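Subject: Structure handover

Hi,

Here is the structure for you to look over. My notes on the cysteines and the ligand sites follow below.

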Amino acid sequence: MKISLSPESDILSFSQVESLFELPFSDLLYRAQTVHRSHFDPNRVQVSTLLSIKTGGCPEDCSYCPQAARYSTGVANEALLSVEEVIAAARAAKEAGASRFCMGAAWRGPKQKDLQQVTDMIKAVRQLGLETCATLGMLKESQATQLKDAGLDFYNHNLDTTPEFYGEIIHTREYEDRLDTLDKVRQAGLKVCCGGIIGMGESRQTRAGLIYQLAKLDPQPESVPINMLVQVEGTPLFGSEVLDPLEFVRTVAVARICMPRSFVRLSAGRQQMSESVQALCFLAGANSIFYGEKLLTTGNPEVKADQNLFLKLGIVPL
Ligand code: SAM
Ligand code: DTB
Ligand code: SF4
């Protein structure tokens, strides 16, 4: 099988993406590392800290998510945090070495009154000298503009999987809804953070399809989080067959090759990964992580452990 070897080429056909997945592991990693080195310093990794500003009680039915109100996962429905609480968390994240602060809300989309409070949070976090990111669900055009005007840098909105598999995972919205919001985010001039989840029982073809969908966004997302499903008891996907970590590494490598200029984030699921698997992900071209002991509701490696891992690998945070 002949696949173009130019580190500059953005691969856009689905069959080419599928072929990348079939390469021998060492060939795939060599190729990903070559592309990575032509666009990035391979020893620098961007660090983002997450904060759940509105936890639980979500009306959507995403089968992976512990925050959907309809599943009994032990995650309580909490109120939107105050601006002061968010500032305190952002200050701590900055002191620990994060450069970006991502605020997540368990909403289908924001209500106008809540968005006002979120824009106050964005302004305050920016004043601390951190990059800002928000993930609040679906947006109207005017809401995307309001976020941009408040100084938001990135909006996270994941495609999560392929159009074909989407209906097996989520029934309360359509793939098109996600693409619509991504369009509005771009139109408003925000930078896009868009990725997906693997380990949901999907096929390799679906993983290739996800990367294909992400890579054909035009322009490609600045940030691409690749999440390994964190299985939470009470969610429909709890008990799914656990994905081979080497297949996760392959997915990161294919993302790197197909989106050469994007930051590829080794995202959820890192707590369940050995240091060696994480090191392979960095070799495969991952150059961003979530940093801090909690994701939104589930755990993430301890800050000390990540600092140690970076030291061992000679990685310097960006
Ligand atoms: N409610 C908004 C939305 O869905 O767009 C924003 C928050 S939502 C929690 C953000 C992302 O978290 C989802 O798109 C999904 O990729 C990821 N996520 C949620 N639950 C997860 C899990 N159990 N394992 C891995 N990733 C997960
Ligand atoms: C993303 O792609 N992953 C993050 C962030 N964007 C918002 C969320 C991961 C959530 C994992 C499950 C939890 O902690 O609730
Ligand atoms: Fe709600 Fe987002 Fe969780 Fe889906 S992923 S249930 S939209 S918080």
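Cys258 is buried, with a relative accessible area of 0%. Buried here means under 20% relative accessible area, exposed means over 50%, and partly exposed is in between (1.4 Å probe, protein chains only). Cys65 is buried too, at 18%.

Before the rest, the ground rules. This is a predicted model, where local features need pLDDT of at least 70, side-chain atom pairs count only at pLDDT 80 or more, and totals for chains, interfaces and linings use all residues. Residues are numbered from 1 along each chain as its sequence is written, chains are lettered from A and ligands numbered from 1 in the order in which they are written, and side-chain values use heavy atoms, with hydrogens and water left out.

**Cysteines**

How many disulfides does the structure hold? Zero. The cut-off is a pair of cysteine sulfur atoms within 2.5 Å. Why does Cys258 not form a bond? The closest cysteine sulfur, in Cys194, is 14 Å from the sulfur of Cys258, which is too far.

**Ligand 1**

17 residues surround ligand 1 (a heavy atom within 4 Å counts). The closest are Tyr64, Asn158, Asp160, Arg178 and Val230. By class, the shell has eleven nonpolar, four polar and two charged residues. The classes work like this: Ala, Val, Leu, Ile, Met, Phe, Trp, Tyr, Cys and Pro count as nonpolar, Asp, Glu, Lys and Arg as charged, and the others, Gly among them, as polar.

Now the polar contacts, which here are pairs of N or O atoms within 3.5 Å. The side chain of Asn158 has an N or O atom 2.9 Å from an oxygen atom of ligand 1. For the side chain of Arg178, the distance to an oxygen atom of ligand 1 is 2.9 Å. Trp107 uses a backbone N or O atom, 3.2 Å from a nitrogen atom of the ligand. On its own, ligand 1 has 550 Å² of accessible area, and the protein covers 90% of that. These areas come from the Shrake-Rupley method with a 1.4 Å probe.

**Ligand 2**

The residues around ligand 2 include Leu50, Pro66, Thr135, Phe290 and Thr298. Its shell divides into six nonpolar, six polar and no charged residues. Which atom of Leu296 approaches an oxygen atom of ligand 2? A backbone N or O atom, at 3.0 Å. A polar side-chain atom of Asn227 lies 2.8 Å from an oxygen atom of the ligand. For Asn156, a polar side-chain atom is 3.5 Å from a nitrogen atom of ligand 2. The protein covers 88% of the 410 Å² that ligand 2 has accessible on its own.

**Ligand 3**

Ligand 3 is surrounded by Cys58, Glu60, Cys62, Tyr64, Cys65, Ala68, Ala106 and Arg173. By class, that shell has six nonpolar, no polar and two charged residues.

Best regards

How values were computed: A polar contact is a pair of N or O atoms within 3.5 Å; within protein, one must be able to donate a hydrogen and the other to accept it, and residues adjacent in sequence count only if both atoms are side-chain atoms.
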